[in-house]
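User: Please pick one part of this structure and take me through it closely. Keep the sentences short, and explain each term when it comes up.

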Amino acid sequence: MAGHGESEKKSSDAVNDLQTFRAENLQSNMKVIYYSRTFLSIIGGVIAGILGFTGLTGFVFYFLMMAITSVALIAKAKFSIHTYFDSWNRVLLDGFLGGLMSFVLFWTFAYDIVHIF
C-alpha cells in the first residue's frame, strides 16, 4: 500500500506531465505547415501540368502529394506530434484546401503553357 507522501509525489508528477504549449511556438509551427503545403502544392501543380495530368488523375496526384507532405512533416517532428502540436489534425489536415486552390491554379497554368501552346 502506498503511503501518503508517495501519493502526493505521484499527483505532483502527473501535474508536471501535462503538455503545455506556448502560443507563439504553436503558431510558428502552424505557419511552417501552411507554407510547406502551399509551396508543395505549387510545385506539384507545375509537375502535374508538365506531365499532362488531366481530370481525376491530377487530383489523385494532389492527394498523394499531400499524404507525402504529411508523412514528411511527421518525420520532421521525429514522430512526436504532441511535442510540437496540440493534435494530429493540425499536421494532417491544416492547409489542405488552401493548397488545393494553389495546386489547381498552377496545374492549369503549366498544362496550358506546355500542352496547348
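Analyst: What follows is a close look at helix α6, its contacts and its rings.

This is a predicted model: local features need pLDDT of at least 70, side-chain atom pairs count only at pLDDT 80 or more, and totals for chains, interfaces and linings use all residues. Residues are numbered from 1 along each chain as its sequence is written, and side-chain values use heavy atoms, with hydrogens and water left out.

Start with the whole chain. It has six helices and zero strands. Its pattern along the sequence is α-α-α-α-α-α. Helices (H or I, at least four residues) and strands (E, at least two) are DSSP runs, numbered from the N terminus. Take the contacts between residues at least 6 apart in sequence: 80% of them join residues at least 24 apart. Contact here means heavy atoms within 4.5 Å.

Now to the packing. Two packed helices are described by the angle between their axes and the distance between the axes. The axes are lines fitted to C-alpha atoms, for helices over the stretch in contact, and angles run from 0 to 180 degrees between N-to-C directions.

Take α2 and α6. Helix α2 covers residues 23–51, and its axis lies 7 Å from that of α6, at an angle of about 30°. The two helices are therefore roughly parallel to each other. The cut-offs are these: under 35 degrees is roughly parallel, over 145 roughly antiparallel, 65 to 115 roughly perpendicular, and the rest oblique. The crossing of α2 and α6 is right-handed. That term means the near helix is turned clockwise from the far one by less than a right angle; anticlockwise would be left-handed. On the α2 side, the contact residues include Arg-37, Ser-41, Gly-45 and Ala-48. On the α6 side, they include Phe-96, Phe-103, Trp-107 and Tyr-111. By class, this contact has 12 nonpolar, eight polar and one charged residues. Ala, Val, Leu, Ile, Met, Phe, Trp, Tyr, Cys and Pro count as nonpolar; Asp, Glu, Lys and Arg as charged; the others, Gly among them, as polar.

Next comes α3. Helix α3 (residues 56–76) and helix α6 (residues 96–116) have axes that come within 11 Å and cross at roughly 135°. α3 and α6 are therefore oblique to each other. Here too the crossing is right-handed. α3 brings Gly-58, Phe-59, Phe-61, Tyr-62, Phe-63 and Met-66 to the contact. α6 brings Phe-96, Gly-99, Leu-100, Phe-103, Val-104 and Trp-107. The classes are 10 nonpolar, two polar and no charged residues.

α2 and α3 also meet each other. Their axes lie 10 Å apart, at an angle of about 145°. α2 passes α3 in a right-handed crossing. Among the α2 residues involved are Ile-33, Leu-40, Gly-44 and Ile-47. They meet α3 residues including Phe-61, Tyr-62, Met-65 and Leu-73. This contact divides into nine nonpolar, five polar and one charged residues.

Now look at the rings. A pair of aromatic rings is described by the distance of the centres and the angle of the planes. Rings of Phe, Tyr and Trp (its six-membered ring) pair if their centres lie within 6.5 Å; planes under 30 degrees apart count as stacked, over 60 as edge-to-face and the rest as tilted. The structure holds nine such pairs. In one, the centres of Tyr-62 and Phe-96 are 5.6 Å apart and the planes stand at 55°, so the pair is tilted. Tyr-62 sits in α3 and Phe-96 in α6, so the pair ties together parts that are 34 residues apart in sequence. Tyr-62 is buried, with a relative accessible area of 0%, whereas Phe-96 is partly exposed, at 21%. Buried means under 20% relative accessible area, exposed over 50%, and partly exposed in between (1.4 Å probe, protein chains only).

Phe-103 and Trp-107 make another tilted pair, 5.4 Å centre to centre, with 40° between the planes. Both lie in α6, four residues apart, about one turn of the helix. Both are buried. Across the chain, 26% of the 117 residues are buried.

Finally, put the rings together. Phe-53, Phe-59, Phe-61, Tyr-62, Phe-63, Phe-96, Phe-103 and Trp-107 form one aromatic cluster.
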